[in-house]
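Colleague: I'm new to reading protein models, and I'd like a close look at a single part. Could you walk me through the aromatic pair and its surroundings?

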Amino acid sequence: MQEMERLDRLKDEFLSTVSHELRTPMSNLKMAIFLLQKTPLRKQQQRYLQILQDECEREIALINNLLDLQRLEFGQTPLYIESLSLVNWLPDLLRGFRPRLQERQLHLEIVIPADLANLTTDPQLLERILAELINNACKYTPTGGDLIIAVQQHSLLMSSPPLTPITQPIENPIPVLITQFKVSNTGSSIPSSELERIFEKFYRIPRQDPWAQAGTGLGLALVRQLVQRLGGHINVTSDEYLTTFQVQVPHLEIRL
């Protein structure tokens with residue numbers, strides 16, 4: 001066990017060091033691409049430059065995800081808790097996906113009660129969670145398919161407030177308001193044997209990507225860490241008709 005912990009620590013240190021060292025050259029590369037875009041180029045040169053820009057952005061996203069995972073695993077990500085009106089906040093988030101939905105001819109359905117209570121959470125972390133799940137749903141839904149975003153709330157008895165270390169036994173459980181998000185899409189399925197593995201770092205389901213979508217296998221690993229940082233839980237169900245990611249997050253206390 002000690003040797004495994006040592007090797008795991010070395011791996012994490014290696015990833016962190018490599019991620020930091022790669023950021024500087026990628027930033028220089030991005031600046032060079034920006035300057036080239038200001039220069040008159042032939043059509044073929046513009047095509048090569050676009051490929052270079054796309055791959056540069058992909059590498060930067062990979063590095064940022066690695067760094068974010070490291071911070072989350074080491075507990076170095078602070079929370080900035082605010083009160084969100086989901087009835088207003090969620091449609092604003094989804095508005096950014098409208099062009100992509102139209103391009104792929106996907107049908108979007110939003111199920112959100114008008115009387116939802118405000119959610120107290122970190123809006124930036126929640127946005128990253130939902131954006132990654134919605135992005136995946138867009139990628140793996142065939143043309144003409146359906147994407148459903150549903151929100152509901154319920155109370156759950158907990159032995160202590162969310163994110164509060166338990167220092168002594170609590171005899172009387174307290175009710176905590178939970179907000180549940182469901183991101184579902186039609187036309188793609190995940191084998192039952194792979195449902196847990198999809199949250200592992202760098203794991204991609206073999207032979208399950210007929211659309212040949214680019215990816216690193218870090219997105220869902222990052223989502224799970226972000227959900228846990230909010231004191232929540234994520235799971236996934238899938239059959240031949242529908243795949244659903246369900247995220248449950250508790251309402252956190254706003255501390256002044």
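Modeller: Happy to; we start with the two rings and then turn to the strand that carries one of them.

This is a predicted model, in which local features need pLDDT of at least 70, side-chain atom pairs count only at pLDDT 80 or more, and totals for chains, interfaces and linings use all residues. Residues are numbered from 1 along each chain as its sequence is written, and side-chain values use heavy atoms, with hydrogens and water left out.

The structure holds one aromatic pair (rings of Phe, Tyr and Trp, the last by its six-membered ring, pair if their centres lie within 6.5 Å; planes under 30 degrees apart count as stacked, over 60 as edge-to-face and the rest as tilted). The partners are Phe 199 and Phe 245, set edge-to-face with 6.3 Å from centre to centre and 85 degrees between the planes. Phe 199 lies in the loop between β5 (174–186) and α6 (219–229), while Phe 245 is in strand β7 (residues 242–250), so the pair ties together parts that are 46 residues apart in sequence. Here helices (H or I, at least four residues) and strands (E, at least two) are DSSP runs, numbered from the N terminus.

Both Phe 199 and Phe 245 are buried (under 20% relative accessible area; exposed is over 50% and partly exposed in between, with a 1.4 Å probe and protein chains only).

Now for the strand. β7 runs antiparallel to β6 (residues 233–238), and six bridges join them; two strands pair if DSSP finds at least two bridges between them. One of the bridges links His 233 to Gln 248 in β7. A hairpin of three residues connects β6 to β7.
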